[in-house]
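Me: I should like a close look at a single part of this structure, set in the context of the chain as a whole. Please give one connected account.

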Amino acid sequence: QHDLLKSASGIADRLGVDLYLVGGAVRDLLLARRPNPPDLSAVGAATDFPAALAKALGGQVTADSQFGTAKLRVREALVDLALARKEFYARPGALPTVEPGSLEDDLARRDFSVNAMAVSLNPGDWGELSDPFDGAGDLKRRLIKVLHPLSFQDDPTRLFRAIRFSGRIDFTFESDTKRLMRDGLRFLENVSGDRVRHEIELVFQEQSVVAILQLAEQLGLLAAVYPSLSLTPGLAGASSDLEADRELVLLSSLVYSVPRNDLDAVVRRLNLGTDWSRVAADAVAVRDTMSELGRPLPPSRVYALLHGRHEAAISVCALAAVPEAAENLAHYLTRLRHVRPSLN
């Protein structure tokens, strides 16, 4: 990556563009973590700069957006590139309106102080750190701190990013930030289902996902998405269940406590696709059979109750089941669902 950044630096300098390594990439470098992919910000660049940079580096632009961001692929490397910009929010939870800005503008629009640092890549001041919000100090103090009081009102999805960073790098929330997070929960209803679901999907990908979901529940974030969402008891000890169908197991855990009559509302709130909707419905359906599964049953009845239900949904229900029901669920998963008639 160093050689790639050096090449990009030279090209930007020839074009009269100030180029910076920014955001999470700087945070990870200061934490001695590998930044992947590097996140660059270009000041004073024309809108065609991403394409020009990619061409000069022998790569291509693989994605771009109306917000002045682009993804570049250069040989085997991926680079996130953004034109430095200001952001304005017409209403809480709305997508931002953007316009070109300075480096200071670009850092001020970011979410947390530890993500609002930049390192110059221009030859004249290569490696110089810009840190207007003392992000380096908050890294040492292991704190997550917002840049201004309206941060979670402007973009309530920052609530999810806050808990992800906290779980990923084991940081705590600065006291005012934690208060603002609780105050900001009410603005989550202004965010579309697709955006909320995307944030939940990103949480599901984190290595410390169970701890992050527990934090989300403690802060009231799950209930702000939908009041009956919560984490299934026992999930913390089910790391082996997350190896396969990870996202579906976690989804099943979140909807386990949802009343049957509320399930359609949850599906609409998160705009769940067909696969996720089916698994959510299976988790609720299996849960509703738990009282019967808690009694001694012939194998044929256990099979009839569970046949066709998704394995992830059954696995999650087994975590919360009383011992008798858990035994029947395990019997189905390990043996009964594989039984086939001897006669063709």
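Is N271 buried, partly exposed or exposed, and what is its relative accessible area? Please begin there and then describe the helices around it.

Reply: The model is predicted, and what follows should be read in that light. N271 is partly exposed, because its relative accessible area is 41%, which falls between the limits of 20% for buried and 50% for exposed. This residue is placed in the loop that joins α13 (263–270) to α14 (274–287). Its backbone deserves attention as well: N271 has a phi near 50°, which is a positive value in a residue other than glycine.

The helix that follows this loop, α14, packs against α12 (residues 246–255). The two axes come within 9 Å and cross at roughly 50°. That angle makes α12 oblique to α14, since it lies neither under 35 degrees nor in the range of 65 to 115. The crossing is right-handed. On the α12 side, the contact is formed by E247, L248, L251, S252 and V255; α14 contributes W276, V279, A280, A283, V284 and R287. By character, the residues of this contact divide into eight nonpolar, one polar and two charged.

Both α12 and α14 also take part in covering a further helix, α17 (residues 311–320). The buried residues of α17 are A312, A313, I314, S315, V316 and C317. What covers them includes, besides α12 and α14, the helices α15 (290–293), α16 (299–306) and α18 (323–334).

A second helix pair offers a comparison. The axes of α7 (residues 158–169) and α10 (residues 209–219) come within 9 Å and cross at roughly 135°. This, too, makes α7 oblique to α10, and α7 passes α10 in a right-handed crossing. The contact involves I163, R164, S166 and G167 of α7, together with I212, L215, A216 and L219 of α10. Its residues divide into five nonpolar, two polar and one charged.

The positive phi of N271 also has a counterpart elsewhere. A32 has a positive phi of about 60° although it is not a glycine. A32 is likewise found in a loop, here between α2 (24–30) and β2 (39–43). Its relative accessibility is 73%, so A32 counts as exposed, whereas N271 is partly exposed. A glycine with a positive phi is G58, which takes a value of about 80° just after α3.

Helix α3 itself (residues 49–56) has F49, P50, L53 and A54 as its buried residues. Seen down the axis of α3, these fall within an arc of 130°, so they line one face of the helix. The spacing agrees with a general rule: an α-helix has 3.6 residues a turn, so residues three or four places apart point the same way.

As for the chain as a whole, it has 18 helices and eleven strands. Its C-alpha atoms fill a box of roughly 80 × 50 × 35 Å along the principal axes. Of the 344 residues in the chain, 50% are buried. Among contacts with a separation of 6 or more, 66% are accounted for by residues 24 or more positions apart.

Definitions and conventions. Residues numbered from 1 in each chain as written. Predicted model: local features only at pLDDT ≥ 70, side-chain atom pairs only at ≥ 80, totals over all residues. Heavy atoms only, no water. Axes fitted to C-alpha atoms, helices over the stretch in contact; angles between N-to-C directions. Helix = DSSP H or I, 4+ residues; strand = E, 2+ residues; numbered from the N terminus. Parallel < 35°, antiparallel > 145°, perpendicular 65-115°, else oblique. Left-handed = near helix turned anticlockwise from the far one by under 90°. Contact = heavy atoms within 4.5 Å. Nonpolar A, V, L, I, M, F, W, Y, C, P; charged D, E, K, R; others polar. Buried < 20%, exposed > 50% of the residue type's maximum accessible area, 1.4 Å probe, protein only. Arc of directions from axis to C-beta.
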